[in-house]
Structure formats: structure tokens, C-alpha cells
Amino acid sequence: MVLPKAMPVLLLSGFPLTFLPISPVSADDTAATPELDPIVVTATLGPRTIGESLSSVTVVEEEAIRRQDAGEFKDLLRGQPGVDVVTNGSYGKNTSVYTRGTTTDSTVFLVDGVRLRSATSGGAPWQYFPTELVERVEIVRGPRSALYGADAVGGVIQAFTLDPDQGRKGWVETGAGNFNTQKTSAGASASVGATRFSLSGLHKETDGTAIVEGGEDKGFRNSAGVGRIVHELPNGGEASAVMMQSQGNTEFDGGDTDFMIRTVGLRLDTPISDYWNSSIQLSEAADEQDNVRDSGDTFFNTKTRTARWENTFTAGVHELAVGGELQSDEVDSSTEFGEDSRTNAALFGQVRLNFGPTDVQLSLRGDDNEAYGRQETGGIALGHSFDRSHRVRVSYGTSFRAPTFNDLYYPLEVFSFGGTYAGNPDLKPEEGSTGEIGISGRYERWYWDAAVYQLDVDDLIDLQSDGGDLRPVNVNKARIRGIELGSGFRANNWDLAVNLTLLDPRDRETDNRLRRRSHQSLRVDLDRALGAWTLGGTVQASGYRYDDAANEDRLPGYATLDLRAGWEFARDWHARLTLQNVTDKEYATALRFDGADYLAAGRAGFLSVRYDFR
């Protein structure tokens, strides 16, 4: 019997999988709490609980973000289900996020609903985004091009910046650690009638560490802020303006980079009638980098402007969401690109149907891009609840990633070490199709989730090296199979999360593993509240990976341990101590052009004190 193309995910013979049993549970475990089945807004065109979204979703809440006190945004993402992080060193160095084995520019990054990326490289500036100004992160895995257009092949990650609650008037925090690391942040909020305001700011700097063996320390400096104004309308709607900006300097071998990233969003949400809600968002995202190198100075400044209109119509328990989007990319650079702008127009829609215990979602989007023409993507998802706690989901979706300006038009550049890079005008867009089956159990105090999927990509775009010469090329076909297992427990002052990812990313022509992808990862977060104290730790483990397409340059796997402690030593006063990489493990996730390891930082300690104004 020959299976249709959409069905191989149902028979992933490459992985053994035993689902957790659907067994009777006690009365205390019959309903999930909002903390264990939270509402998310990234997976669908409208708010849904994780279970109702029929998607594989991980949420990192503000409490966990504050407890972990992560020094970089990548530390929140590393080891989460389906997420792999590759860096060229620590503290503001180039960072790539691979979601479900896809390239870093196949993951869409949203900040308060505004897409942030470099229009030239296509990737998001993960290393410059300030973790300290984030209160929530939603990680949605699987194709989302039918909702967000190009590049949502592996998934979508959305960060929500600080929006203080009514009880918090402000805070100030300061801290210091080794590598001469210093950090200060503060924020304030107020309200007048139906309008509330908030402003948050951050400055941090560090001497950093050597990013290659025997090298000099490479520092990082960052100042960032978030401003927000929200006005509640008499009809129940809301008008808001949010701005995030982060700027600074990071050093690397052979030079340094002055950077600035910014998102600005103006949004109006309003009910038109009892059955029709409408929202309009106007936004701009900027990514600017000025590079000072031994080989010569360069700059790359890109802007993305977007107008998006969404409408949701309700008929009983059924919903229809439709909308349109107009987007433009602009490039200003010291490099002479063949093209310096392009526009994209799109129409999209999603139907969400409910038939008792069964949910159905249908999504469709059409994009018309000035550079690469028309692309149509779609998705279907089915979910069935066996009872209030157990649910199974099946989905299939298509996606695409378009070549970036660098992919297509970058002129030949000769590096000082003798290698070269140039764009490839013969590149074709990637086209992906993903099938997935998931099953979950969510109870009052704990949850578990298992997902198995297969992603088939035609004309996968990846960077490959030939004797030091780098070129983006289309891998004829790629097949990525994976299993994601997650579980958590929250009760009696304990908070536990365990996540395991198994991945098999293959070039179908050579059967080699795709470069820089680990085949397995594990993350365990455990915290315990003890009166005025909190104690916790994180274990992260990752398998080996190859730095080249030929699978000859192997980087070994690693495991790290982080520890943390918090102390509320007086009313509204908190102290926090974090120790990262306690065992001082030396490891790397990427190689430099000459084969040297890009080293992650060793053992790092940080102590901070915070006061909250009420």
C-alpha cells in the first residue's frame, strides 16, 4: 500500500514511541488549572488554551523568567521542546535558533505582535534582545505560514514585553557578577482614568570571555527600554502603542559591532457588534548594525513596515477569522545589493469549528511578493477530547521560506583568512509540508504532552562550505523527523518541567545529517519555595552535531548545570543569586572558519537585589 505524501508522519519507523496511557485519574486531577493549560495567542488567530489550539506550544511565564534570571534570551530557549540554539560564543555573540531542525531564518520571531528580523540575513537578532524586559514567551512549533506568511516553517516564537499589573508602581534592580558583569534595570507604571502608562529600562555590560581558545575576552554592552500606553475604550475595545528598543556594542574576533533593534506597534482592537471583532495594527521593525572590522567597515540597516487587519466573526461556538496584510522591506547598506526593497501583500483566513468533544481548524493564506511571486499555504488540524483531561490532535500544514537579500544578491566578498561568500541568484524558495500527531493529559497539578512529526522540505536553503568558500545552496530534499516529550508538575511549592527532544534531520540526497543540528536534547527545570526562600536548578544536555554538510567536523555533546536561589529578606525586597555552568563545562556548538571551537562561557555567577514599589 502506498501512503499519500501527507501521511508518513503516522508511521515514523525511525523512532520507537510509547504514548503515556490514558487512564482513570483521581477527582483532584480532572481539570487543568490555568497555569498548566494557559491561554495563548500565537498558535491561532485568536486566544485559545494550549489544548484548544491543537498545536505544540510551550509557554515560559514571568515567574519562571524572573526565577531563572537568564543572562541572555537564548538561555530561556535552549533545550525547550524542538528548539536548538547555536552560538559563536557568549554575551551578545551571533546566535541561531533552530526550531524543529529548520534553519534560524525559518523561525518567525515576534515582539508584542511585531515581526523582528534582518531583511538581509533573514534571521532574528536573538543575541540583542533584552530578556530582562520580557514577561512571557510563547513557543509554537510546526508550520505557521498560513497565519504569518514566509519563514514560519519550523515555528513561531513570540516575546511579550513587560506590562506591569495594577498593583505594581515600579521597581529598581541592580546586580554584578564575574567577567566584570554589571546590570541595572528600573521601571514605573501609572494610570489615569481608562489610560495606563509604563516605562522600563535596562543597562548592562560585561568584559565577556574568550570566544576561541587562547583568544582575548570579547565584551558586550547593551541599553534597552520598553514604553507602553494602553487606553480602554467605552465599547470594550482597546487602543495601544508599544515600543521596544535595544542598542549597544558587541566585540568579536577582528572587530566589533554597534547595533540597534527596535519594534513599534500601534494597535486598535474594537468590537463592531456582538458577533464581529476587528483589530488593526500598524508596525515598524528596524535592525541596524555598523561593523568595524580589520578588513573594512560595513553597515547593514533594514526596516520592515507592516499594516495588518484582522476580523473575527462568531456564530455560537464557531469562529471565522479573516484579514489582510501589506508589508515592505527596505535595505540601506554599504554593500551594493542588486535590489534594496520589496513588498508583499497577503490575504489569510482561519475557521475554528467545535462539535462537542471535537475541534476542527482550517487555515489558508495567499502571498504575492514582488521578488518571488505568489505562494499559497494552508493547514488543517483535528482535535478530540476523550474527557476533560485527555486530548489527541492531528495536523497537516504547508509552509515556505523565501531567499533573503543576502541569499540572492550579496556580492562576492573575500575574507581576510582567504575564504569567500557570495549570494546565489539561482536559489529557489523552500517549500515544506508537515504532518503531526500529538496527545496530551492536563490535570490540576501536572501535565504531559507527546508529539511526533515529519517535515519534508523541497529545495532547503542552507549555508555550505567548499574549501572555505561559503554559498547558500538548495539541498535537493530534506526530511526532518522528530519526537517531543514534555511533562510538568506544580504543587506544594514545587515546580518541575521536563522536556525531551529526539530529532533526525537528513539531507535526502546524501543521507547526512543537516549541519549544526543536535539529534537529541534534554532540559529539566526544578524549583522549590521554602518560605522567604526559593531554590532551583536547570540541567541541559545536548547530543553531538556536525558543523559541516559532509558530516566530518563533529562537535561532541555536552551537559550543563545551573543553580539559583532567591530570598525575600524584607517586604518588597528580593535578592537573587544565579550560578551558570556550575561544573565549568567547556563546550561549543559551532566552529570558526579555521576549525577553532566557538567556546561558550564557563562558570558564571551573578548576584542582584531588587525593590518593588507598590
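Phe569 sits in strand 33 of this predicted model, and with a relative accessibility of 35% Phe569 counts as partly exposed, because that value falls between the 20% limit for buried residues and the 50% limit for exposed ones. Phe569 is also a member of a nonpolar patch on the surface, which covers about 620 Å² and which Phe569 makes together with Leu530, Trp533, Leu535, Trp567, Trp573 and Val609. Two strands each supply at least two residues of this nonpolar patch, namely strand 30, which spans residues 533-542, and strand 33, which spans residues 558-570.

A surface patch of another character involves strand 12, the strand in which Asp207 has its place. Here Asp207 gathers with Glu205, Glu216, Asp217 and Glu251 in a patch of negative charge on the surface. Asp207 has a relative accessibility of 40%, and therefore Asp207, too, counts as partly exposed.

Strand 12, which runs through residues 195-210, also holds Ser200, and the surroundings of this residue can be followed in some detail. The relative accessible area of Ser200 is 4%, which means that Ser200 is buried, since the limit for that class is under 20%. When the neighbours within four places in sequence are left aside, the contacts of Ser200 are with Leu133, Leu162, Trp171, Ala186, Gly187, Ala224, Gly225 and Val226. Strand 12 thus offers the reader both a buried residue, Ser200, and a partly exposed one, Asp207.

Key:
Residues are numbered from 1 along each chain as its sequence is written. This is a predicted model: local features need pLDDT of at least 70, side-chain atom pairs count only at pLDDT 80 or more; totals for chains, interfaces and linings use all residues. Side-chain values use heavy atoms; hydrogens and water are left out. Helices (H or I, at least four residues) and strands (E, at least two) are DSSP runs, numbered from the N terminus. Buried means under 20% relative accessible area, exposed over 50%, partly exposed in between (1.4 Å probe, protein chains only). Contact means heavy atoms within 4.5 Å. Patches are made of residues with over 30% relative accessible area and no salt bridge: like charges are joined within 9 Å, nonpolar side chains (Val, Leu, Ile, Met, Phe, Trp, Tyr) within 5 Å. Accessible areas come from the Shrake-Rupley method with a 1.4 Å probe; for residues, only the protein chains shown count as cover. A salt bridge is a side-chain nitrogen of Lys or Arg within 4 Å of a carboxyl oxygen of Asp or Glu. Lys and Arg count as positive and Asp and Glu as negative; His and the chain ends are not counted. The place of a charge is taken as NZ of Lys, CZ of Arg, CG of Asp or CD of Glu.
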